[in-house]
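Got your viewer open? Here's a short walk through the model, stop by stop.

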Amino acid sequence: ISAQGLISGFSALIWSKISGKKYVITSLSIYHFPESGLYRNFAKWVFGNADKILVQSHDSKKEFTNLKIPEEKILVFSHWENKKLFLPKSKIEAKRRLKFNGHFVVSFFGRLVKEKGIKELLDSVSSINPKITLAIYGNGPLINEVLSKEKKSKNVKYMGIVIPEDLPWHYSASNIVIMPSTAEEGFGKVAAGALLCGTPVIASNRGALPQVVTNKVGKLIEPTPQEIAKAINGLYSDRVKLRKLSNAARKYALKKFSEKNANAIISIL
């Protein structure tokens with residue numbers, strides 16, 4: 001039985017007891033378990049009884065070893081992405097299709113919540129070269145702040161929500177994808193999809209993102225308005241470096257996020 005997260009892991013534990021089958025939990029988050037109490041004990045019971053715990057980062061692994069779960073039960077692995085869906089599109093055609101003709105586009109994809117670094121990203125706008133278009137995709141509690149910034153800044157454009165099948169066009173139309181998360185990301189599906197489409201990623205140095213993005217295909221930063229603007233402006237100015245990152249992105253992603261990663265789960269089950 002394969003489960004994702006604590007709650008579904010609890011269900012897997014119960015079904016495991018009933019059926020006699022093994023169960024494996026994939027952790028997609030950093031939980032910040034308290035030092036003591038019911039929640040910590042419950043998590044230790046659910047995760048500790050699993051035959052294997054699959055985690056997305058070394059920080060996540062450390063969190064479970066701090067729960068006194070044997071290290072041999074914990075495996076660091078990476079998810080995979082659909083390489084047939086996330087194919088690079090012609091950047092010229094993608095920009096024309098999305099009415100970005102002639103624009104240098106930096107795009108954010110995700111929930112519009114504090115943890116995703118939206119406030120820091122919006123605060124960076126005043127320091128970003130005005131020739132750069134910041135495209136923001138998603139929905140959430142901070143949407144009004146995004147819409148307010150769009151009214152005040154000519155280079156901010158709110159793009160709404162797109163269906164997964166259209167994402168390759170939006171990734172390909174972007175010169176850079178930005179992930180300024182202030183909380184620890186469990187994986188970073190946006191980064192994987194963007195890289196498969198040949199688009200470099202600027203990401204915060206939080207959670208599993210350092211295992212997803214390297215300096216061969218992007219840049220890791222401290223998620224502050226100053227560092228966000230510095231990284232974006234730097235790649236805007238250095239087109240040779242940007243092109244080098246773009247050229248390496250898909251090849252890197254095909255190796256890093258292939259379906260072969262599923263073998264980590266299959267081999268255990």
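How much area does the chain expose, and what share of it do carbon and sulfur atoms supply? The chain exposes about 13400 Å², and 54% of that comes from carbon and sulfur atoms. Keep in mind as you click around that this is a predicted model.

**Stop 1: the whole chain**

Start with everything selected and shown as a cartoon. You should be able to pick out 12 helices and 10 strands. The radius of gyration is 20 Å, close to the 18 Å that the globule rule gives for 269 residues, so the chain is as compact as a globular protein of that length. Line the view up with the principal axes, and the C-alpha atoms fill a box of roughly 60 × 35 × 30 Å.

Now colour by accessibility: 51% of the 269 residues count as buried. If you draw contacts between residues at least 6 apart in sequence, 66% of them join residues at least 24 apart.

**Stop 2: a nonpolar patch**

Next, switch on the surface and select Ile1, Phe10, Ile14, Trp15, Ile18 and Trp45. Together they form a nonpolar patch with about 590 Å² of accessible area. Which helix gives the most to this patch? That's helix H1, residues 5–19, with 4 residues.

Zoom in on Ile1, one of the patch members. Ile1 sits in the segment before strand S1, which covers 2–4. Is Ile1 buried, partly exposed or exposed? Its relative accessible area is 30%, so Ile1 is partly exposed.

**Stop 3: Ser8**

Stay on helix H1 and pick Ser8, which is found there. Ser8 counts as partly exposed because its relative accessibility is 29%. Then pull up Ile25 and draw a distance from C-alpha to C-alpha: Ser8 and Ile25 are 8.4 Å apart in space and 17 residues apart in sequence.

**Stop 4: His170**

Last, jump to helix H7, residues 167–173, and select His170. Is His170 buried or exposed? With a relative accessibility of 7%, His170 falls under the 20% cut-off, so this residue counts as buried.

Show the side chains around His170. Which residues is His170 in contact with, leaving aside its neighbours within four places in sequence? Look for Leu98, Phe109, Tyr137, Met159 and Val162. Give Tyr137 an extra click: a polar contact of 2.7 Å joins its side chain to that of His170.

Technical notes:
Residues numbered from 1 in each chain as written. Predicted model: local features only at pLDDT ≥ 70, side-chain atom pairs only at ≥ 80, totals over all residues. Heavy atoms only, no water. Patch = residues over 30% accessible without salt bridge, like charges linked within 9 Å, V, L, I, M, F, W, Y side chains within 5 Å. Areas by Shrake-Rupley, 256 points an atom, 1.4 Å probe, with all protein chains shown as cover. Salt bridge = Lys/Arg side-chain N within 4 Å of Asp/Glu carboxyl O. Helix = DSSP H or I, 4+ residues; strand = E, 2+ residues; numbered from the N terminus. Buried < 20%, exposed > 50% of the residue type's maximum accessible area, 1.4 Å probe, protein only. Rg over C-alpha atoms; globule rule 2.2 N^0.38 Å. Contact = heavy atoms within 4.5 Å. Polar contact = N/O pair within 3.5 Å; in protein donor to acceptor, adjacent residues only side chain to side chain.
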